[in-house]
Amino acid sequence: MKITKEQVEHVAKLARLNLTEEEKISFTKDMEAIISFADQINDLDIDDVKPTDHVIPINNVFRPDVVVPPMDRELLLSNAPSQENGCFSVPKIVE
Amino acid sequence: MSYNDYEIVMGLEVHSELKTKTKIFCGCPNEFGGETNTHCCPICTGMPGTLPVLNGTVVEYALRAGLATGCKINMFSKQDRKNYFYPDLPKAYQISQFDLPLCYAGEVAIEVDGKPSLIGLTRIHIEEDAGKLLHEAGEGSLIDYNRCGVPLIEIVSEPDFRSAGEVRAYLEKLRSILLYAEVSDCKMNEGSFRCDVNLSIRPKGQKELGTRTEMKNMNSINFIVKAIDYEAKRQAQIIDGGGVIIQETRRWDEGKGITVAMRSKSDAHDYRYFPEPDLMPIITTEETMEKIKASLPVMPDIRKALYLKEYGITEYDADLIVASRHVADFFEVASKTAKNSKTVANWIITEIFSRLNEDEKEEGKIPLKPESLGELVNLIEDGVINSSTAKEVFADMWDTRKAPALIVEEKGLKQISNDDELKSMAQEVINENTKPVADFLSGIEAAIQSLMGQMMKRTKGKANPGMVISLLKEILGGMK
């Protein structure tokens, strides 16, 4: 499948990535190679193959509904680039 | 075109927080409120390197909700990542479900103005709630992640709604079903039951749907009804003016009474879902399903039908009683003891409801034993006390929790049904009250009430009113 530079730009925008012109060109090539590799599946007869929902064949991994003490707030916030009034602080968001 | 020539088409997405003890993917407490960021850990604040583990009770509650609304269950279900950037979601993706939700194809029966209809449910899936953005004056936006990771079910309806009345009836019914199933506390003011409305209009008779707008996160049924009314009229005006509806997300501004477009980018809906690699698929067995089905209480509709048919109470009373599961349970137990279910219903709706606040009414927190109300009703039915004395007994019972028979005994409230005693008293009353007697004899029937009042005064309200009336009439009849 052909991948265009516009598609790369779109995906980069969704992922909030700023790509240089050179990167856009090289990623276009890389993505096309990856998609083309996956395209091989289209030529195979996979009618009897169930979709792989998970690579590890384990199901129903559940946790009991039991409270574990939360982390101390100061400790938790110590990783935040910015904090204020017991909150994580981020650049102003306007609706 | 007149507004009335348009048909409104709506579909609803309801988000309901599950009342588990802990969050969906970590052991942090699932509690409303609290100091900011004190119900949090590295998992629910999206720290790198952390891994989620699904809370088994979330699956159980979602299945309960599904089976309570007649859904089919996907015996094989999985979770997926929904990717978007917004700081209330620290991982930059929400763990939700995409193509294999836990429940699908259910229905909810509603009734509007006596007209019954069925609202289809497309699906019910589990997902995590986001944190809260606090827009305070200051440099940045502040975030409280206490709500982040609280388990939600999203209940998606088919576009089956044609009026705000249907939406109201559906939300009330859905809420009551979730309360009966005991999976959510559905407190709209705390945001644990909130609703998105997708709305479009089309000329009546037209097949194709119009362009829809979405109104998000409304948490009051009254606001929702107002928002629907406003939005439908707004769309009609635009179309009538030759304009086109833009597909967008709008917000209801209650203060101004209008919907406002939210700033949204065109690619905001490109969520790039993919299977969540950190969580294993969920397999539900027939056995689990049967176990959950057996543990669900009888739902409000079925109870209502039973109350009308077997207990003979009115539809109005039945609606009030089935609104809360615990009130309904109370009514059923009290009715087992009592000789008259209608009287039981009456006492619940008048005396009990007037003593409860809205929350207590909804939770059905009645601080009495249902058997006590049943016994009180029997004291009236058996003629031991009359209904005005019963109110006094009830008030005492409410305060002291004593058995009604004991209160009657202690206070000497037994109704006087002794024929001879009442007869001589009636004779005295007639002898001493010449004016009403004369009035009655001259044909003013209502004058007998004054004599009745005298009798009640003398007996301190304990006389059997039926007996008094017939005794008075008997004596007065002899004087004509």
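Which residue in β10(B) is the bridge partner of F88(A)? I143(B) is that partner, and the points below start from there.

1. First, some ground rules for this model. The model is predicted, so local features need pLDDT of at least 70 and side-chain atom pairs count only at pLDDT 80 or more, while totals for chains, interfaces and linings use all residues. Residues are numbered from 1 along each chain as its sequence is written, chains are lettered from A and ligands numbered from 1 in the order in which they are written, and side-chain values use heavy atoms, leaving out hydrogens and water.

2. On the strands that link the chains: β3(A) and β10 (residues 140–144) of chain B run antiparallel and are joined by four bridges. Strands here are DSSP E runs of at least two residues, helices are H or I runs of at least four, and both are numbered from the N terminus. Two strands pair if DSSP finds at least two bridges between them.

3. Now the whole interface of the two chains. Chain A brings 35 residues to the contact and chain B brings 57, where contact means heavy atoms within 4.5 Å. About 4000 Å² is buried between chain A and chain B, with carbon and sulfur atoms giving 57% of that area. Buried area is the accessible area (1.4 Å probe) that two parts lose on being put together, summed over both.

4. For polar links, chain A and chain B have zero salt bridges between them, a salt bridge being a side-chain nitrogen of Lys or Arg within 4 Å of a carboxyl oxygen of Asp or Glu. There are, however, 21 residue pairs in polar contact between these chains (both at pLDDT 80 or more). That term means a pair of N or O atoms within 3.5 Å; within protein, one must be able to donate a hydrogen and the other to accept it, and residues adjacent in sequence count only if both atoms are side-chain atoms.

5. On the chain A side of this interface, α1 (5–14), β1 (62–63), α3 (73–77) and β3 (87–91) each supply at least two residues. β3(A) gives the most, with five residues. By class, that side has 18 nonpolar, eight polar and nine charged residues. Ala, Val, Leu, Ile, Met, Phe, Trp, Tyr, Cys and Pro count as nonpolar, Asp, Glu, Lys and Arg as charged, and the others, Gly among them, as polar.

6. Within chain B, there are domain 1 (3–288), domain 2 (298–411) and domain 3 (419–479), with bounds from an automatic or database domain assignment. The centres of domain 1 and domain 2 of chain B, taken over C-alpha atoms, are separated by 37 Å. Between them these two domains bury about 940 Å², 49% of it on carbon and sulfur atoms. In domain 1 of chain B, K173(B), Y180(B) and E182(B) lose the most area to domain 2, together 57% of what that side buries.

7. K173(B) appears again in a salt bridge with D301(B), whose closest N and O atoms are 2.8 Å apart. The count between domain 1 and domain 2 of chain B is two salt bridges, and four residue pairs are in polar contact across their interface (both at pLDDT 80 or more). α2(B) supplies the largest share of the domain 1 side, seven residues.

8. Finally, a sheet in chain B: three strands form an open sheet in the order β6-β5-β16, with antiparallel pairing. β6 (93–96) and β16 (274–275) of chain B are at the edges with a single partner strand each, so one side of each has no neighbour in the sheet. In β6(B), S96(B) is the bridge partner of D80(B).
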